[in-house]
Amino acid sequence: MPLEADALVLDFGGVVTRTLFETHDLTERALGLEPGTLTWQGPFEPGSDPLWRSMQADEISERDYWRRRTEDVAALTGRPWSEMADFVKAARGADPEAVMRPEALQAIETTRKAGKKLAILSNELDLFYGSDFKMKLPFLQGFDTIVDATYTKILKPDPRAYELCLSELDLPAEACVFVDDQLRNIRGAEAVGMHSVHFDVLDPAASYSEALGLLGLSSS
């Protein structure tokens, strides 16, 4: 393993943003729901979220999980939503910066200042958040590439998704550190030779510290 990789490749939802599980309070306020209405907790309380456990067991896809959650919240609010983006834009669109992880923003800035490359490799950035969401996030303008399966139609962990990102960065796999909160996607990255950090939503600071360490950088 090289002491210093040359690029940081990040998943978006859950890694750069806080998860929807962590921001139920913001969602409830934005949608006019009573506090405590949204009880599904995904990785924070997997024992109480059978649908999440089905996703982790590869019985349903991540897109299937969020489609079902969109339908649940649409029913609660009486909204005519048909797409995940409808839900996310209503819940987060007014103030997207409020749901960014501060640890992510710090790591991105540290990486940028060190002259390393930055990339997003997402299965659903615009599909989930809407095409105008990232326009409200100036820090993304400094990324070297954003590879989004909303448009490529190639979902992680398909090796072609990682290879497309590597091609955009013009770097070999071993020069890149990939960060994702889904183990299947981590295994996909490792299969093509990328260094990886399985992002822990319960300890974001530790995950970003590990990723920066692989870049030869410090999180402090």
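These are my notebook entries on the pockets, the cavities, one lysine and one helix pair.

**Entry 1: the model.** I worked on a predicted model.

**Entry 2: largest pocket.** I looked up the open space first. The largest pocket holds about 190 Å³. I listed its lining next. Pro43, Trp52 and Gln56 are among the lining residues. So are Asp181, Gln182 and Leu183. The run His198, Phe199, Asp200, Val201 and Leu202 also belongs to the lining. I sorted the lining by class and got six nonpolar, three polar and two charged residues.

**Entry 3: largest cavity.** I then turned to enclosed space. How many cavities of 30 Å³ or more are there? The count is two. The largest cavity has a volume of about 200 Å³. I found 19 residues in its lining. Gly13, Gly14, Glu62, Trp66 and Tyr129 lie nearest the centre of this cavity.

Which helix gives the largest share of that lining? It is α4, with three residues. I noted that α3 (62–77), α4 (84–92) and α6 (125–129) each supply at least two lining residues. By class, the lining of the largest cavity has nine nonpolar, five polar and five charged residues.

**Entry 4: second largest cavity.** This cavity encloses about 30 Å³. Its lining consists of Asp11, Glu62, Asn123, Glu124, Lys156, Asp180, Asp181, Gln182 and Asn185. I counted no nonpolar residues there, against three polar and six charged. Glu62 turns up in this lining and also beside the centre of the largest cavity, among the residues nearest to it. Asp181 and Gln182 line the second largest cavity as well as the largest pocket.

**Entry 5: Lys134.** I checked one lysine by itself. Lys134 sits in the loop between α6 and β3 (145–148). Is Lys134 buried or exposed? I read a relative accessible area of 15% for Lys134, and a residue under 20% counts as buried, so Lys134 is buried. I set aside neighbours within four places in sequence and listed the contacts of Lys134. They are Leu125, Asp126, Leu140, Gln141 and Ile146.

**Entry 6: α1 against α4.** I went back to α4 for its packing with α1 (residues 24–31). The two axes come within 8 Å and cross at roughly 90°. Angles of 65 to 115 degrees count as roughly perpendicular, therefore I logged α1 and α4 as roughly perpendicular to each other. On the α1 side, Leu26, Thr27, Ala30 and Leu31 take part in the contact. On the α4 side, Phe87, Ala90 and Ala91 meet them. By class, this contact has six nonpolar residues, one polar and no charged.

Key. Residues are numbered from 1 along each chain as its sequence is written. This is a predicted model: local features need pLDDT of at least 70, side-chain atom pairs count only at pLDDT 80 or more; totals for chains, interfaces and linings use all residues. Side-chain values use heavy atoms; hydrogens and water are left out. On a 1 Å grid over the protein atoms alone, a cavity is a set of points where a 1.4 Å probe fits but cannot get out, and a pocket is an open set with protein on both sides within 12 Å along at least five of seven lines; lining residues have an atom within 4 Å of a point. Grid points are joined across faces, edges and corners, and a volume is the space filled by probe spheres set on the points. Ala, Val, Leu, Ile, Met, Phe, Trp, Tyr, Cys and Pro count as nonpolar, Asp, Glu, Lys and Arg as charged, and the others, Gly among them, as polar. Helices (H or I, at least four residues) and strands (E, at least two) are DSSP runs, numbered from the N terminus. Buried means under 20% relative accessible area, exposed over 50%, partly exposed in between (1.4 Å probe, protein chains only). Contact means heavy atoms within 4.5 Å. Axes are lines fitted to C-alpha atoms, for helices over the stretch in contact, and angles run from 0 to 180 degrees between N-to-C directions. Angles under 35 degrees count as roughly parallel, over 145 as roughly antiparallel, 65 to 115 as roughly perpendicular and the rest as oblique.
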